[in-house]
Amino acid sequence: MISEFSTSVGIVVSCVIGLIWAWTQFAHIASTKVEAYRQNDEEKVALKNGHGHSSVAEQTLIEIYEAISRGAEAFLYAEYSICFQFIFAFGIFLFALISWGADMTTGFLTTLAFVLGAVTSIASGYIGMKVAVFSNVRTTINAQKEGYMESFNTAFRAGSVMGFALTGLGIVVLYVTLLAYKMGFEEDNMEVMMGCISGYGLGGSS
């Protein structure tokens, strides 16, 4: 019979391993240096005059990358501004609805789980967007090398960063929330607690 402690250790260790794995894959991606392609103003002038060592294609690559990075930041700012407004408005509605149908404590705990789920989802989306922009230019740089192995590995690792980070982050926040909620409920009241926890999934989906 597996004990509750063993289960807890297994869950937490699995999440930590997943997050560490995501970080190691990100470190592999970051080993491809974009900085070597950047030029100062004097080098750009030399390039325009037909001198310098970097090609026009390489400089254009950096300019496109930086433009996409600024665009992604602007998109995330606009999107998350709306997301936080929705979380605030729907959180109030959720609290009022559940408090009216049950009690204020249940309404508060469900709303708190909803907010945690939504914020976890937002954090995961931010990581995904930043990693995608970060890795796309490095995939392009590695695609200039002989064969496809380097570029394929960079792209594949970028996907694994998002997958492992999202899963590890989501589960560890959910499990910590479960442990915290469990302290306030009796053994015969677990059904109500799980109803409150369901707000986490609602927040993540929203």
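The exercises below work through helix packing, helix length and an aromatic pair in a predicted model.

**Exercise 1.** Find how helix α4 and helix α5 are oriented towards each other, and what kinds of residues make up their contact.

Solution. Start with the two elements: α4 covers residues 104-143 and α5 covers residues 149-182. Their axes lie 9 Å apart, at an angle of about 165°. Angles over 145 degrees count as roughly antiparallel, and α4 and α5 are therefore roughly antiparallel to each other. The hand of this crossing is right-handed. In the contact of α4 with α5, 17 residues are nonpolar, ten are polar and two are charged.

**Exercise 2.** Place helix α6 relative to α4 and then relative to α5.

Solution. Helix α6 consists of residues 190-205. Take α4 as the partner: the axes of α4 and α6 come within 6 Å and cross at roughly 30°. The cut-off for roughly parallel is under 35 degrees, so α4 is roughly parallel to α6. Now take α5: the axes of α5 and α6 come within 11 Å, with a crossing of roughly 150°. That angle makes α5 roughly antiparallel to α6. As for hand, α4 and α6 cross in a right-handed way, and the crossing of α5 with α6 is right-handed.

**Exercise 3.** Check the length of α4 against the expected span, and identify the residue that caps its N-terminal end.

Solution. The helix has 40 residues, which at 1.5 Å a residue should span 58 Å. The end C-alpha atoms of α4 are 57 Å apart, which agrees. The cap at the N-terminal end of α4 is Asp 103. A side-chain oxygen of Asp 103 lies 3.0 Å from the backbone nitrogen of Thr 105.

**Exercise 4.** Classify the aromatic pair of Phe 86 and Phe 90, and relate it to their positions in helix α3.

Solution. The structure holds seven aromatic pairs, one of them formed by Phe 86 and Phe 90. Their ring centres are 5.4 Å apart and the planes differ by 15°. Planes under 30 degrees apart count as stacked, and the pair is stacked. Next, locate the residues: both lie in α3 (residues 56-101), four residues apart, about one turn of the helix. An α-helix has 3.6 residues a turn, so residues three or four places apart point the same way.

Definitions and conventions:
Residues are numbered from 1 along each chain as its sequence is written. This is a predicted model: local features need pLDDT of at least 70, side-chain atom pairs count only at pLDDT 80 or more; totals for chains, interfaces and linings use all residues. Side-chain values use heavy atoms; hydrogens and water are left out. Axes are lines fitted to C-alpha atoms, for helices over the stretch in contact, and angles run from 0 to 180 degrees between N-to-C directions. Angles under 35 degrees count as roughly parallel, over 145 as roughly antiparallel, 65 to 115 as roughly perpendicular and the rest as oblique. A crossing is left-handed if the near helix is turned anticlockwise from the far one by less than a right angle, and right-handed if clockwise. Ala, Val, Leu, Ile, Met, Phe, Trp, Tyr, Cys and Pro count as nonpolar, Asp, Glu, Lys and Arg as charged, and the others, Gly among them, as polar. The expected span of a helix is 1.5 Å times one less than its number of residues. A polar contact is a pair of N or O atoms within 3.5 Å; within protein, one must be able to donate a hydrogen and the other to accept it, and residues adjacent in sequence count only if both atoms are side-chain atoms. Rings of Phe, Tyr and Trp (its six-membered ring) pair if their centres lie within 6.5 Å; planes under 30 degrees apart count as stacked, over 60 as edge-to-face and the rest as tilted.
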